[in-house]
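Thank you all for coming; I would like to use these few minutes to walk through one model with you. Please have the structure open while I talk.

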Amino acid sequence: MSTTAAPPQPTARSRAGLPVGWAGLIGLLAVLAALGVGHLVAALVAPASSPFLAVGDAVINYSPEPVTEFAKVTFGTADKPILLSGMAVVIAIVAVVAGIASRRSPRPGLTVVIVLGVLGFGAVSIARVFSPLDLIAPLASLAAGVLSFRGLHSLALRTYETSPRSRASGVSRRNVLIGGSVAVGVGALVSGGAGLLLGNGVGNSRRTVTSQLKAARLTERAPAIPAGAAFTDVGTPTFLTANPDFYRIDVALRIPSQTASAWSMKIHGMVGKEITLTFDDLLSRPLVERTITMTCVSNPIGGNLISTTNFIGVELRDILLEAGIQPGADQLFSTSVDGWYTGTPTDVVMEPGRGALLAIGMNGEALPPEHGFPVRMVVPGLYGYVSATKWVVDLEATTFSDPAKRGYWLERSWAQKAPIKTMSRIDSPQGFAKVPAGKVTVSGIAWAQHTGIEKVEVRMDGGPWREATLSTEVNVDTWRMWKADFTLAAGSHTVQSRATDRSGYTQTEMRADPIPDGASGWQAAIFTVS
Ligand SMILES: Nc1nc2c(c(=O)[nH]1)N[C@H]1C(S)=C(S)[C@@H](COP(=O)(O)O)O[C@H]1N2
Ligand SMILES: [Mo]
């Protein structure tokens with residue numbers, strides 16, 4: 001190796017700049033590195049946050065309806081792979097062109113790498129399921145792109161700016177450039193490939209479970225939702241919540257990525273005999289499908305931490321009976337694979353007809369990763385934090401008096417027992433909405449899981465309570481929609497609602513914060529008629 005060459009001058013530029021081939025290759029390698037690293041970090045931290053896939057999703061979600069329709073009709077189920085390959089080709093061309101534009105100065109290439117990185121950021125941030133952790137992968141991706149581009153570009157400049165006098169040095173620098181390029185290329189492919197494998201572990205497992213669920217003969221199928229079950233035309237949500245729209249609450253820093261075949265759950269503690277269940281054990285048990293509305297205790301008055309789905313699962317009560325749960329075990333202490341834990345009152349789960357499930361499906365497919373894949377608990381009528389453990393892997397029959405067995409939120413001063421409170425919500429008109437004078441339809445939802453809604457009353461501007469029209473009841477474990485017509489003059493109006501459940505209890509006017517056992521009080525929506 002020669003040590004006689006003058007040190008490289010970063011600012012010096014030869015007339016010709018880099019050879020076109022090298023310049024283009026550097027652009028391509030840098031963008032490959034960005035995509036590969038982004039995909040791997042996403043698989044490790046937050047599977048849904050791969051910048052490449054997020055851009056694909058954004059393209060699908062924001063394409064005009066006729067375009068997506070055309071793609072579906074033309075390509076069928078291949079539409080997604082075709083879109084992704086198309087994207088890959090376009091990105092590769094952009095990368096090569098950006099590289100070639102950077103023969104003299106790295107600026108054009110860097111700009112393009114950064115713009116692509118920002119696109120990834122944007123796509124991840126507007127995804128339907130988003131948590132701040134999702135920003136790590138696009139950040140890593142951007143860093144990988146910028147660093148590889150800068151690194152390779154300056155190696156190349158040094159190689160090709162060397163004066164012909166120091167040929168020996170030029171040759172060795174060329175070797176360094178080749179080495180660097182191979183390293184970046186291999187690194188990009190290996191990290192992208194590892195990301196694919198990691199991500200696909202859960203992806204493949206979910207696909208398998210979904211097809212198993214579709215092929216399964218359910219012993220109980222949720223009845224079809226009748227047309228009159230929702231008043232979507234006047235502003236209520238759809239009766240069933242689409243999986244990507246289902247509210248999500250958890251303290252998981254990253255979504256656990258356990259596959260169905262790796263899953264097992266031990267049922268132990270105050271039982272006659274311990275049972276360890278595998279996913280195949282669950283599949284070979286009678287599978288039932290039930291329409292259930294879940295609610296979070298943190299849902300404020302008028303809030304949207306409430307959703308409805310068709311859960312598929314097995315009866316938790318039957319499993320506990322088989323395990324011979326002891327009468328004194330008043331707490332079922334469940335733990336998720338990521339270490340979260342909660343205690344559920346045993347008497348509720350063991351109530352005949354309560355319908356508590358170890359759930360493995362939602363709306364006909366495997367549980368989405370963020371909703372507990374492969375297995376979660378669901379207990380109709382209890383807030384999620386004391387009953388709905390996602391990614392559940394351990395169930396211990398114990399007592400509430402055991403100081404070592406206190407649920408995560410119980411330790412943080414939330415209530416031990418948390419039945420869902422009877423509540424109603426106004427969906428239309430929204431607060432501060434402006435609506436035209438004349439007939440105004442007020443609508444919303446009401447819930448009293450496992451008791452059922454008897455009636456909903458509405459009043460305008462503090463006037464008399466009027467009974468609203470209720471939607472067709474699906475079952476007592478689900479929300480019920482309501483609507484009422486008013487004729488209103490111009491000006492500001494305040495509408496309130498209150499639900500009465502099947503036990504005869506009317507939603508209290510007493511306002512309470514969500515902590516410790518759920519919000520109460522009447523919602524008031526103020527809107528303007530003009
Ligand atoms: N493993 C785990 N399970 C959990 C939680 C959690 O933080 N970790 N949060 C609970 C809470 S507070 C609620 S309201 C429900 C929400 O379930 P979802 O995200 O599927 O709507 O999950 C429950 N199960
Ligand atoms: Mo919750």
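I will begin with how confident the prediction is and then turn to the ligand and its surroundings.

What we have here is a predicted model, and its chain averages a pLDDT of 92, with 95% of the residues scoring at least 70. One stretch to treat with caution is residues 9–14, where the pLDDT is below 50, and which in the model has seven contacts beyond near neighbours in sequence.

Now to ligand 1, which occupies the space of the second largest pocket. There are 19 residues around ligand 1, and those that come nearest are Tyr247, Val251, His371, Arg376 and Lys390. By character, the shell around ligand 1 is made up of 10 nonpolar residues, four polar ones and five charged ones.

Which atoms of the protein lie opposite the oxygen and nitrogen atoms of ligand 1? On the backbone side, a polar atom of Val251 is 2.8 Å from an oxygen atom of the ligand, and a polar backbone atom of Ile249 is 3.0 Å from an oxygen atom of ligand 1. From a side chain, an N or O atom of Ser336 is 3.2 Å from a nitrogen atom of the ligand. As for how much of the ligand is covered, ligand 1 taken alone exposes 540 Å², and the protein buries 99% of that area.

Note on methods: Residues numbered from 1 in each chain as written. Chains lettered and ligands numbered in written order. Predicted model: local features only at pLDDT ≥ 70, side-chain atom pairs only at ≥ 80, totals over all residues. Heavy atoms only, no water. Near = heavy atom within 4 Å. Polar contact = N/O pair within 3.5 Å; in protein donor to acceptor, adjacent residues only side chain to side chain. Areas by Shrake-Rupley, 256 points an atom, 1.4 Å probe, with all protein chains shown as cover. 1 Å grid on protein atoms, 1.4 Å probe; cavity = no way out; pocket = protein on both sides within 12 Å on 5 of 7 lines; lining within 4 Å. Sits in = over half its atoms within 2 Å of the grid points. Nonpolar A, V, L, I, M, F, W, Y, C, P; charged D, E, K, R; others polar. pLDDT = per-residue confidence, 0-100. Contact = heavy atoms within 4.5 Å.
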